[in-house]
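Trainee: Could we walk through this one together, pockets and charges included?

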Amino acid sequence: MRIYRADLHIHTVLSPCGDLTMSPANIIEEAVQKGIDIIGITDHNSTRHCRLIKKMASEKGIYTMTGAEVTTREEVHCLAFFEKTDTLELFQDFLDYHLAEIMNVPEIFGDQVVVDEDEMIVYTEEKLLTNALDVSIEQLEEFVHLNGGLFIPAHIDRLKNGIYGQLGLFPANLPADAIEVSGNVSKKEFVKNHEEISALPIITSSDAHFPEQIGKVTTLFGINEPSFSEISKAFKMEDGRRIAG
């Protein structure tokens, strides 16, 4: 068992808020330079860059958690990750079906494109990805867990789009696999002020929208190897796996 460094919240050029320099190649190069072992690709309400980045990152010895940052009906942001390609495709169908039919205006919100290994545009998303889905946080959690995924409320310390800022509380019966706090707060102090989450694993991530932000905040995992199952065990503290530090 060893310690692996992970940044599980990274946006690509597909997210309208992601900089045009957030191509798969640039993300991977930045992760390599900063010694990051595991990355999470979490574009807003879309998984369409995950498969290419997973392939390219594996060639550089980096493991990729594939998923999305989902906006629920309550405007709460949640990370959802899936291991298998067919499940990820099912999740994309779910996102496409439930995302509001509001079109993107690139001049206002930003471009939403998928690029290939050579950074050529191969797909343009027409619907605005930062809109909310018409599903509640409970319905999202249920879908994720029914399909073998990991469900993590994102940056819960933030007033905007964090679970406390949007709901005013953390639902007592919400079975999250972990929770994420930003790098703007102390995990210890935040838990001290919110004892209801004290039993949940906590990760910190960069929420990177620019290459230089990647790895600015990370989580250390004590696991046997970088894999979906090992990270899942670390969240549950099974067989000695853990979140370190």
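What follows is a short chat about pockets, salt bridges and cores.

Mentor: Ground rules: this is a predicted model, where local features need pLDDT of at least 70 and side-chain atom pairs count only at pLDDT 80 or more, while totals for chains, interfaces and linings use all residues. Residues are numbered from 1 along each chain as its sequence is written, and side-chain values use heavy atoms, with hydrogens and water left out.

Trainee: How much space lies in the largest pocket?
Mentor: On a 1 Å grid over the protein atoms alone, a pocket is an open set of points where a 1.4 Å probe fits, with protein on both sides within 12 Å along at least five of seven lines; lining residues have an atom within 4 Å of a point. Points are joined across faces, edges and corners, and the volume is the space filled by probe spheres set on them. Here that gives about 220 Å³.

Trainee: Cool. How many charged residues are in its lining?
Mentor: The lining includes His-155, Arg-158, Glu-180, Asp-207 and Lys-216. For the classes, Ala, Val, Leu, Ile, Met, Phe, Trp, Tyr, Cys and Pro count as nonpolar, Asp, Glu, Lys and Arg as charged, and the others, Gly among them, as polar. The split is 1 nonpolar, 7 polar and, for charged, 4.

Trainee: And which residues are closest to the centre of the second largest pocket?
Mentor: That pocket holds about 190 Å³ of space. Its lining has 2 nonpolar, 7 polar and 5 charged residues. Of the 14 lining residues, the closest to the centre are Cys-17, His-44, His-77, Thr-130 and Asn-161.

Trainee: Is His-44 buried or exposed?
Mentor: His-44 is found in the loop between S2 and H2, helices (H or I, at least four residues) and strands (E, at least two) being DSSP runs numbered from the N terminus. Its contacts (heavy atoms within 4.5 Å), leaving aside neighbours within four places in sequence, include Cys-17, Glu-69, His-77 and Thr-130. With a 1.4 Å probe and protein chains only, buried means under 20% relative accessible area, exposed over 50%, partly exposed in between. His-44 has 6%, so the call is buried.

Trainee: On to charges: how far apart in sequence are the parts that Glu-125 and Arg-48 tie together?
Mentor: The two form a salt bridge, with their closest N and O atoms 3.3 Å apart; the term means a side-chain nitrogen of Lys or Arg within 4 Å of a carboxyl oxygen of Asp or Glu. Glu-125 lies in the loop between strand S6 (121-124) and helix H5 (137-146), and Arg-48 in the loop between strand S2 (38-41) and helix H2 (50-58), so the separation is 77 residues.

Trainee: Which residue joins Arg-48 and Glu-125 in a network of salt bridges?
Mentor: Glu-125 counts as buried at 8% relative accessibility, whereas Arg-48 is partly exposed at 25%. The structure holds 10 salt bridges. The network that links Arg-48 and Glu-125 also takes in Asp-96.

Trainee: Last one: which helix gives the most to the largest nonpolar core?
Mentor: A nonpolar core is a set of buried Ala, Val, Leu, Ile, Met, Phe, Trp, Tyr and Cys residues joined through side-chain atoms within 4.5 Å. The largest has 49 residues, and Ile-39 and Phe-91 have the most contacts inside it. With 5 residues, the top contributor is H2.
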